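Here is a short set of exercises to work through with the model open beside you. Try each task before reading its solution.

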Amino acid sequence: MKKICIVVGARPNFVKVAPLIRAIQKSEGAAYELVYAGRDDDPTLESSLFDDLQMPRPDVFLGVVSQSLNEITAQVMGAFDRYLDEHPADVVIVVDDLASTMAAAITAKKRGVRLAHLVAGTRSFDISMPKEVNRLVIDALSDYLFTAGVKTTSVATREQQSETSQTYMVGNILMDSLRYNLPRFRRPDIGIEEGRYIVLTLNRRALLSNEASLRQMLQTMAEAAAGVPIIAPLRDSALNTVSRLLPSPPSSLLCKQSEQARAHPSPFTLHPSPSTLPPSPIALHPSLPYLEFGWLTAHALGIITDSGNVAEEATFNGVPCITLNDYTEHQETVTVGTNVLVGGDPEKLRTALADMVGGNWKKCALPDRWDGRTAERIVSILFE
């Protein structure tokens, strides 16, 4: 019996491991445990998440909570080491590029456990970014490097450190989840006309912390949207930041709050009446459950985001996407897909948004191996 440990460090990672768990469950001769670095009462893990993804909750919560990346690394290493004392594993699978991901990778290799990196080879080539350091360390340690595309495969192969390491282009596992859940998406009750709104998501600390630049970008969005409403379903910290930077709070936000908003009250967790859209072009909304957010982005006129995952989903759905970064770790979304990079340049944003609203977007296609079979390939490789 092969024992597999899957380590998850943050909410977005669950979307990527859900299809992997389904594939393992269908295989004979394997047992797995799902380990989450955070606490079982983490507010980002809304009660509907695991039902929406049709996956079990983690078997183990390491309970690590900190704002310091170095503290997270140290605490996860200690907690995961204690976990492995009681739960030996043949393979540890880590996801993406978080401090907790790197910590689990280091701990596994120190104990001589084979290590697999899901979504390996992604690079910004900016060593000043903490996540870039994490990526370099994790890939250097990994025995199995599972990549999503041609460019990441090239990077992972070129940088391969060990003779025992192997790089496999398995495809984009995010598409496994998207294809599986597409028929299950639910239309959110927020008063929108299909195909006549733009979705805005913001999450990256670097963007949210530069409030002067962000204020200018928000003003540009409001002007260039040409009356098309911009729906912004944001989590608490981003919601509070954006609400301060808007010229004035949207005047028609009503007191209808989501379950999450009631559980974690905030002065800006209100959303528009289903019957009317607010006069402000940017309508703030608390974050949506996975299936509702999936419907929202799949049926939008366009998307403005700083998230690589959201840009990938936009490419799959054929929805025009503007990314507020100068680079992307998911280059195929630009070269093949619907994504356009504007960085922090308001004029580039204005031009791209005018093209989006005017229907003048580039032609796009699906990148290679976005076929929904990534998890099957991974399990097959692990069992060879």
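**Exercise 1. Helix H1**

What should the 15 residues of helix H1 span at 1.5 Å a residue, and how far apart are its end C-alpha atoms?

*Solution.* A word on the material first: this is a predicted model, in which local features need pLDDT of at least 70 and side-chain atom pairs count only at pLDDT 80 or more, while totals for chains, interfaces and linings use all residues. Residues are numbered from 1 along each chain as its sequence is written, and side-chain values use heavy atoms, with hydrogens and water left out.

Step 1: find the helix. Helices (H or I, at least four residues) and strands (E, at least two) are DSSP runs, numbered from the N terminus; H1 covers residues 11-25.

Step 2: work out the span. The expected value is 1.5 Å times one less than the number of residues, so H1 should reach 21 Å, and its end C-alpha atoms are indeed 21 Å apart.

Step 3: look for a bend, meaning the angle between axes fitted to the seven residues ending at a residue and the seven starting there. H1 bends by about 35° at Val17, with Pro19 following within four residues.

Step 4: check the surroundings. Buried means under 20% relative accessible area, exposed over 50%, and partly exposed in between (1.4 Å probe, protein chains only). In H1, 13 of the 15 residues are buried, so the rest of the structure largely encloses this helix.

**Exercise 2. The seven-stranded sheet**

Give the strand order of the open sheet of seven strands, and find its edges.

*Solution.* Step 1: the order is E3-E2-E1-E4-E5-E6-E7, with parallel pairing. Two strands pair if DSSP finds at least two bridges between them.

Step 2: the edges are E3 (60-61) and E7 (166-169); each has a single partner strand, so one side of each lacks a neighbour in the sheet.

Step 3: zoom in on one pair. E5 and E6 (residues 144-147) are joined in the parallel sense by four bridges. Leu118 belongs to E5, and its bridge partner in E6 is Phe146. With 2% relative accessibility, Leu118 counts as buried.

**Exercise 3. Strands E8, E9 and E12**

Which residues point each way from E9, and which strands pair with E9?

*Solution.* Step 1: in a regular strand the side chains alternate between the two faces of the sheet.

Step 2: from E9, Ile230, Ala232 and Leu234 point one way and Ile231 and Pro233 the other, all of them buried.

Step 3: E8 (residues 198-200) runs parallel to E9 and is joined to E9 by two bridges; here Val199 has Ile231 as its bridge partner.

Step 4: E9 (residues 230-234) also pairs with E12 in the parallel sense, over five bridges. Ala232 stands opposite Leu284, and Pro233 has His285 as its bridge partner.

Step 5: E12 (residues 282-286) is covered on both faces, with Ile282, Leu284 and Pro286 buried on one side and Ala283 and His285 on the other.

**Exercise 4. Two loop residues**

Asp96 and Ala226: is each one buried or exposed?

*Solution.* Step 1: Asp96 lies in the loop between E4 (91-95) and H4 (99-110), and Ala226 in the loop between H9 (211-224) and E9.

Step 2: Asp96 is not a glycine, yet has a positive phi of about 65°; Ala226, not a glycine either, has a positive phi of about 55°.

Step 3: Asp96 counts as buried at 13% relative accessibility, whereas Ala226 counts as exposed at 61%.
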